[in-house]
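Let's go through a few labels and ask what earns each one. Here is the structure to look at.

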Amino acid sequence: MSDSLSVLLDLQDHDTKADQHRHRRATLPERTELAAIERDLAAIDREIAGVRAERDELAREEKRIEDEAASIEAKVAAEDKRLYSGTVTAAKELQAIQDEIAALKRRQSALEDEALELMVQIEPLDARLAELDARRAEIDGRAQAVRARIAELEAEIDAELAQVEAERAALAQTVPAAMLSEYESLRTRLGGVAVAKLVGGSCRGCHLQLSAVELDRIKKLPRDEIVHCEECGRILVR
């Protein structure tokens, strides 16, 4: 095995390790766990939004009724003041004012009953929102814990990857430029594995047996000459 090819095999080993680190980083089980938790968060957020929208609609109606009742109360006070001000003396007009006050009070009472009914409807919605908010806080707490765990694992993997990449860079500097270029090209085309050992007449890259003719041809070549697997095209290290 020539020195360059030996380094190339070592380079492949480092690239494989780097690929494994990247794959592990991208496929951490915690990411799947976090995705499930975030789906739960999205679902509870939708439920909260629905309940809150219903509650807010009832609250707006309650406010409208309370405002109307307050307006009527002010009219009652004004009519009552006019009734006893002494400015109106005609019996018919005084009776009309009394009738208006009575009608206003009936309307005010009806509005207060409507407002009370709305308050009764709002109460369980407030309780439901409190329950949902508590559940959301618990789920969000789990999400934060998983995110922290992911960040911790990413930091560990990134440190390992940085070491592998630094070693890989040092190795690459010792490989002839043409050989390194071919290696990189093959890695791109062959799923990341460009170099494989030739063991017992079999390529360890594709695990196929080379023909007897090809093996005989390879044996006659200089040890430092680059040869490729006739099946997969990878560089063979003898």
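**Labels and their reasons**

Helix H1 (residues 3-26) and helix H4 (residues 177-189) pack at an angle of about 35°, and their axes lie 12 Å apart. Axes are lines fitted to C-alpha atoms, for helices over the stretch in contact, with angles from 0 to 180 degrees between N-to-C directions. Helices (H or I, at least four residues) and strands (E, at least two) are DSSP runs, numbered from the N terminus.

This is a predicted model, in which local features need pLDDT of at least 70, side-chain atom pairs count only at pLDDT 80 or more, and totals for chains, interfaces and linings use all residues. Residues are numbered from 1 along each chain as its sequence is written, and side-chain values use heavy atoms, leaving out hydrogens and water.

Q: Which residues of H1 meet H4?
A: Contact means heavy atoms within 4.5 Å; in H1, Ser4, Leu5, Leu8, Leu11, Gln12, Asp15 and Asp19 meet Met179, Leu180, Tyr183 and Arg187 of H4.

Q: Why is Cys229 called buried?
A: Buried means under 20% relative accessible area, exposed over 50%, partly exposed in between (1.4 Å probe, protein chains only). Cys229 has 3% relative accessibility, so Cys229 counts as buried.

Q: Why is there no bond between the sulfurs of Cys229 and Cys232?
A: A disulfide is a pair of cysteine sulfur atoms within 2.5 Å. The closest cysteine sulfur to that of Cys229 is in Cys232, 3.6 Å away, and therefore too far for a bond.

Q: What about Cys206, and how many disulfides are there?
A: The closest cysteine sulfur to that of Cys206 is in Cys229, at 3.7 Å, which is too far for a bond. The structure holds 0 disulfides.
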